[in-house]
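The following exercises concern charged and aromatic side-chain pairs. Each task is followed by a solution in steps.

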Amino acid sequence: MACSSVGGPSRLPYSGRVRFNPKADISGGHVTDVRGGGRGGGMGNIPMGAISGGGIGTTIVVIIIYVIVQFASGSGAGTGSTGPAEKTDRYDQCLSGADANQSEDCARVAVEESLESYWAKVLPQQTGKQLQPTQVVTFTDAKSTGCGDATKDVGPFYCPTDQTIYLDTTFFKDVLEGQLGGQGGDFVEPYVIAHEFGHHIQNLLGTMSRVRTQQGPTSDSVRLELQADCYAGMWTRGATGTTDSKGVQIFEAVDENDITEALGAAKDVGDDYIEQRGGGDVNPEQWTHGSSEQRMRWFTTGYNATDIKQCDTFSTNNL
């Protein structure tokens with residue numbers, strides 16, 4: 001695929017508290033950046049009237065329901081690309097933990113490698129399943145996927161059809177901080193990527209196929225999302241124990257401020273918070289992800305968990 005230059009990884013200002021081991025090798029990370037190949041109609045199969053006027057909260061709700069329904073029914077959205085996407089050189093200079101300490105792009109690569117390291121060990125130990133790597137694809141504006149067109153407005157998401165996490169990195173500044181009023185922070189994106197990686201784990205374990213109800217306070221959709229938050233908490237606790245392919249530690253530290261930022265992000269994407277932020281009433285019957293309190297609590301549950309079974313949101317009445 002053609003390589004289109006975007007000037008290398010973003011550099012300062014990046015003054016994160018998340019610190020990586022400068023000696024860690026992150027050159028094998030599964031993170032790529034593409035340009036083009038979107039606007040092909042994929043998620044246009046959704047009636048636009050269901051999206052218009054609802055703002056970011058409604059848009060995310062519709063897309064999540066759509067992805068779940070398409071996967072559960074065994075049907076794909078179809079890519080419908082207007083042309084081939086071109087891989088850029090955005091991450092070519094992300095080689096070490098030292099690069100990750102200076103660049104938010106390279107930090108993204110280090111986070112993905114850490115997630116792979118963590119789940120490659122935990123998944124077989126606790127479930128007997130082997131990890132199949134996923135990948136993170138960043139893009140600008142739109143990108144065709146196995147679940148339809150990904151755009152900034154729908155937020156980061158995992159597509160089970162092609163087992164890939166899609167992310168427009170402007171989402172965090174323009175939507176999460178801008179439209180939703182989030183406080184931001186350097187551990188917000190790691191939390192989000194860990195949550196989406198959690199959906200990959202659910203896909204491998206067959207959990208996604210259990211989803212039947214898409215809306216409501218105890219719906220399968222809410223249970224799926226809260227479990228992904230729990231898995232994100234598990235990785236956060238274990239991040240400092242993750243290593244590169246040579247056994248070198250990737251994270252030097254995850255501190256209390258990082259945890260606070262992750263919890264703040266979980267609050268900012270709670271269904272009730274989004275409804276209130278949009279000026280509407282809180283209506284649990286429309287929930288697809290869970291309340292702010294639930295999302296924060298299940299992240300904390302995962303952080304304190306010693307076994308993946310403690311994240312079983314499908315077998316509890318206490319969501």
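A residue counts as buried when its relative accessible area is under 20%, as exposed when that area is over 50%, and as partly exposed in between. The model examined here is predicted.

**Exercise 1.** Determine which parts of the chain the salt bridge between R295 and D229 ties together, and classify both residues by accessibility.

*Solution.* Step 1: the two side chains meet at 2.7 Å, N to O, and the cut-off for a salt bridge is 4 Å. Step 2: R295 belongs to helix 9 (residues 292–304) and D229 to helix 6 (residues 220–238), so the contact joins parts that are 66 residues apart in sequence. Step 3: D229 has a relative accessible area of 0% and is therefore buried. R295, at 3%, is buried as well.

**Exercise 2.** Establish how E293 and R297 are placed relative to each other in helix 9, and whether they are buried or partly exposed.

*Solution.* Step 1: a salt bridge of 2.7 Å, N to O, connects the side chains of E293 and R297. Step 2: the residues are four apart in helix 9, which means about one helical turn separates them. Step 3: the relative accessibility of E293 is 44%, so E293 is partly exposed. R297, with 27%, is likewise partly exposed.

**Exercise 3.** Describe the setting of the D105–R108 salt bridge and name the network to which these residues belong.

*Solution.* Step 1: the N to O distance between the D105 and R108 side chains is 2.8 Å. Step 2: both residues are in helix 3 (residues 104–127), three residues apart, or about one turn of the helix. Step 3: D105 and R108 are both buried. Step 4: salt bridges link D105 and R108 with D33, R35, R90 and E189 in a network. The salt bridges in the model number eight.

**Exercise 4.** Classify the ring pairs Y118–W119 and F187–W235 by geometry.

*Solution.* Step 1: the structure contains seven aromatic pairs. Step 2: the ring centres of Y118 and W119 are 5.0 Å apart and their planes stand at 85°, so this pair is edge-to-face. Both Y118 and W119 are buried. Step 3: F187 and W235 are stacked, with 6.0 Å from centre to centre and 10° between the planes. Step 4: F187 is in the loop between helix 4 (171–179) and helix 5 (188–205), while W235 is in helix 6, so the pair ties together parts 48 residues apart in sequence. Step 5: F187 has 0% relative accessible area and is buried; W235, also at 0%, is buried. Step 6: ring pairs join F187 and W235 with F20 and F251 in a cluster.

Note on methods: Residues are numbered from 1 along each chain as its sequence is written. This is a predicted model: local features need pLDDT of at least 70, side-chain atom pairs count only at pLDDT 80 or more; totals for chains, interfaces and linings use all residues. Side-chain values use heavy atoms; hydrogens and water are left out. Helices (H or I, at least four residues) and strands (E, at least two) are DSSP runs, numbered from the N terminus. Buried means under 20% relative accessible area, exposed over 50%, partly exposed in between (1.4 Å probe, protein chains only). Rings of Phe, Tyr and Trp (its six-membered ring) pair if their centres lie within 6.5 Å; planes under 30 degrees apart count as stacked, over 60 as edge-to-face and the rest as tilted.
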